[in-house]
Amino acid sequence: MPGLGTSFGRGGATTAQQDLSNSDAILIMGSSMAENHPVGFQWVVEAREKGASIIHVDPRFTRTSAMSDIWVPIRAGTDIVFLGALVNHVLQNDLAFLDYVIPYTNAATILSEEMKDTEDLDGLFSGWDEKKKRYDPETWTYAGDEFEGSSGHDKGGGGHGKDRGGEAQTFDSSIRDETLQNPRCVYQVLKRHFSRYTPERVERSCGVPSEAFLRVAAAFCSASGPEKTGAICYAVGWTQHSTGVQIIRTAAILQLLLGNIGRPGGGIMALRGHASIQGSTDIPTLYDILPGYLPMPIFDAGVTTLSDYVQKHRSEKGWWANFDKYIVSLLKSYYGEAATPGNQFGYEFLPRLTGDHSHQGYFLSMQKGEIEGLFVMGQNPAVGSPNSRLERKALSALKWLVVRDLVEIETASFWLDSPEVQRGELNTEDIDTEVFFFPAAAHAEKDGCFTNTQRLIQWHSKAVDAPGDARSESWFVYHLGVLLKEKAAAVPTPRNAALNALVWDYSTHGSIAEPSAEQVLKEINGWTVEDRRLVKGYTDLKADGSTACGCWIYSGVFPAENENRAKAREAKTFLGHGWGYAWPADRRILYNRASARPDGSPWSERKKLVWWDAKKNEWTGNDTPDFTKSKPPDYRPADNARGDDAIRGDQPFIMHPDGVGWIWVSSGLKDGPLPTHYEPLESPFRNSLYDQDVNPAADRMAAADNAWAASPDPRFPHVLTTYRLTEHHTAGGMSRTVEHLAELQPELFCEMSIELAREIGAEHGGWVTVSTPRGIIEARAMVTPRMRPLEVEGRIIHQVGLPYHWGQRGIVTGDVVNDLIGLSEEPNVKIMESKALVCNLRSGRRPRGQELVAEMKRNAEQASDRLQKAGGQS
């Protein structure tokens, strides 16, 4: 989310999948879209049939590659080199769409004299504190601008939220050179920064021949200008890296230079892995944000009051000037009559961040015995999480564990299914964890809605009753809340004040008292407190406590009684209007003011989307304008203008205080204002671009059972990447128990090249053993030309691919691939690196019992010794 959020203003996909059919070129990286998003891939196929160039850059030849015009195999973990070379190709060959770039981005903005780039500091930006292992972004500001500081940035608590950045700057005095000649302007800094990212560098680091890279560059970079646009699609193949946010940032820079944001057939499609992963970040299951990407308060002296919190996160210019309206309306939704001006609308009831409360962070705390209980709903960490071996052990340190799922997954019976029990690392008699398993209802057995990959909220109606004691998540959470509130009411202590204040009055129906999903959606939409009249949209929200809203960006999805727009099923245009409801305000393409020239006229007839209608004095077109409808293109704000009034009529990126797309991100990211190539946390190579090998702000999370290899480490010479299959679903709980899916993909396999199989003596269909410093597994050998050896840094490198769907339960079983993956955290979103690690591969089955334990211990100790001798960085 921060990769897109800091670049454009919001963290969601900028476009709709249907709009891919309007692209002249589509670059798919970090994804096998045809396999993992097959329904959406139909629009890619339609674009190809219209003449678009489809490009797939991926370590493996997949179904997506087979449907593409160009497939380029790449060394996993070198995406920034490849994308950075595309940026350099645009800059060196004068291919940037300057009529778009100059008015619509910060390319012309002059940077502070104090800023030092990685080219000056050999892989680091100015502001790096080696002792604290973090950046102070003060030198990243614009020239003439004031930086007010951010303790949130310092503490890692998400000071600017995941969805945006830069509120800490005033943008009152920013200096621009629209000739783009000033050596301190963003455009010139960008040119110098990416100058070493050449086709030769791509060949040396990525293993992609120069001529193959140049073929991609010619195909994609030609999709630019008034008549053409190109789109980029990515998935977790980009996010699950120690540089994941910066990979996405590189794509954002490329698209801004080509003028491909906010225009039909352009944009960046962030492909989400499940039906409602977008929804689970919008109304978050994430620890550091509140609904609508409002930052969670941190435990800090600077934000003890609501006023402090609002001041810290509100921008004086741009749409985030409305921050107080959104947080106060959220607090009124939570606490109702108990939220008053006298008690800061219940701000003190909100919990505070005190450290790393991410998934990885709390499993390390669990391992240390610092967490007593855990609820697991819709997840299977015993199989599906990084370093599953460590996480299974951590579960044994709990006092209680609640698991809700469709079937009895490995997490629900980890003490029985755990390989650690089988090999004597855990003794069931020593595990005191009390486990409660609750059967869950499937999606067809409950009402509710998904928010899919393109921000589209879609309602699903219950088809059948759930069997037996199976219940929906809404039922479970609602009735648990009722019980907790009853207990809290009996003990009205200050500790229970927040729970006693919480409004928990959802109506129920049926014999099992199912809470109304539509009532929940109405609360999310928002209403006026006095009469509970549903608001029409987020522009109706107030900061005085007169409105309540559960998630401001969703406001408008239920604008009147009997008008649930998530239920809409009449697609009226190629953008899908009339089908579901896309946040915000049913916009299908974000930043679509950029689809028109600065004067409001379309860039071309072929690429029309929204435009200024001078007769009606309003923006009109084929999408809901992502702009104030009545603001003319020639509007210029007064000197003292604030909020949206401070955004000019030709500035499309209304969430940013300066109204433009950010090539340079001056604040909001923890690992630099520009993307820079670092090697993965484990790599067969040192970083040949800079002395700094790995992302300095990333965390390997040193812990028992979480060892890391040095880079390089001759005992682990191969690159390991993980992926998903069409036939199975993530950790396998929903697919390994289904007969026809189990039959389609019956066994765990390791995909390898013919050359690597020959080198280790493996046969197709035979057994191979895969090991990392964290674990050792066995799999069937999938020997195929779809995996190709690459020449990198003057030598041949092999890559192996492992799907991660197997565990010890179900019709088909297998070793847990995620036992091989390390717990680590990218600095901005705390995600693990699972797409580019190192491994060893040998023919034959893995050892058993204590022999296996001894080898794992030996691997971990030797890896730790080598890493320590290398100074910890490489």
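**Exercise 1. Locate phenylalanine 345 and describe its backbone and its exposure.**

Phenylalanine 345 lies in the loop between helix H16 and helix H17 (359-367). Helices (H or I, at least four residues) and strands (E, at least two) are DSSP runs, numbered from the N terminus. The model is a predicted one, in which local features need pLDDT of at least 70 and side-chain atom pairs count only at pLDDT 80 or more, while totals for chains, interfaces and linings use all residues. Residues are numbered from 1 along each chain as its sequence is written, and side-chain values use heavy atoms, with hydrogens and water left out.

Step 1. The phi of phenylalanine 345 is positive, about 55°, although this residue is not a glycine.

Step 2. The relative accessible area of phenylalanine 345 is 9%, so the residue is buried. Buried means under 20% relative accessible area, exposed over 50%, and partly exposed in between (1.4 Å probe, protein chains only).

**Exercise 2. Carry out the corresponding analysis for leucine 180.**

Step 1. Leucine 180 is found in the loop between helix H8 (151-155) and helix H9 (186-193).

Step 2. Its phi is positive, about 60°, and leucine 180 is not a glycine.

Step 3. With 3% relative accessibility, leucine 180 counts as buried.

**Exercise 3. Describe the chain as a whole: what are its elements, its dimensions and its burial?**

Step 1. The chain contains 27 helices and 29 strands.

Step 2. Its radius of gyration is 26 Å, close to the 29 Å that the globule rule gives for 874 residues, so the chain is as compact as a globular protein of that length. The radius is taken over C-alpha atoms, and the globule rule is 2.2 Å times the number of residues to the power 0.38.

Step 3. The C-alpha trace spans about 75 × 70 × 55 Å along its principal axes.

Step 4. Of the 874 residues, 62% count as buried.

Step 5. Among contacts (heavy atoms within 4.5 Å) between residues at least 6 apart in sequence, 72% join residues at least 24 apart.

**Exercise 4. Determine the surroundings of helix H24.**

Step 1. Helix H24 comprises residues 517-525; 7 of its 9 residues are buried, so the helix is largely enclosed by the rest of the structure.

Step 2. The buried residues are Ala517, Gln519, Leu521, Lys522, Glu523, Ile524 and Asn525.

Step 3. These buried residues pack against helix H16 (323-335) and against strands E13 (448-451), E14 (456-460), E16 (514-515) and E17 (527-528).

Step 4. Glycine 526 follows H24, and its phi is positive, near 105°.

**Exercise 5. Trace the pairing of strands E10, E11 and E12.**

Step 1. Strands of a sheet pair through backbone hydrogen bonds, either parallel or antiparallel. Two strands pair if DSSP finds at least two bridges between them.

Step 2. Strand E11 (residues 400-405) is mostly covered, with 5 of its 6 residues buried.

Step 3. E11 pairs with strand E10 (residues 373-377) in the parallel sense over 5 bridges. Phenylalanine 375 stands opposite valine 402 in E11.

Step 4. E11 also pairs with strand E12 (residues 434-439) in the parallel sense, over 6 bridges. Here glutamate 434 in E12 is the bridge partner of tryptophan 400.

**Exercise 6. Work out the order of the sheet that includes E13 and E14.**

Step 1. The order is E13-E14-E19, in an open sheet of 3 strands with antiparallel pairing.

Step 2. The edge strands are E13 and E19 (581-582), each of which pairs on one side only.

Step 3. E13 and E14 are joined in the antiparallel sense over 4 bridges. Glycine 448 has histidine 460 in E14 as its bridge partner.

**Exercise 7. Identify the contacts of serine 205.**

Step 1. Serine 205 belongs to helix H10 (residues 199-206).

Step 2. With a relative accessibility of 1%, serine 205 counts as buried.

Step 3. Leaving aside residues up to four places away in sequence, serine 205 touches Arg75, Thr78, Val81, Ser688, Leu689, Val792 and Glu793.

**Exercise 8. Characterise the peptide bonds that precede proline 584 and proline 712.**

Step 1. Tryptophan 583 and proline 584 are joined by a cis peptide bond, with omega about -5°. Proline 584 is found in the loop between E19 and strand E20 (610-613).

Step 2. The bond from serine 711 to proline 712 is cis, with omega near 0°. Proline 712 is found in the loop between strand E21 (618-621) and strand E22 (718-723).
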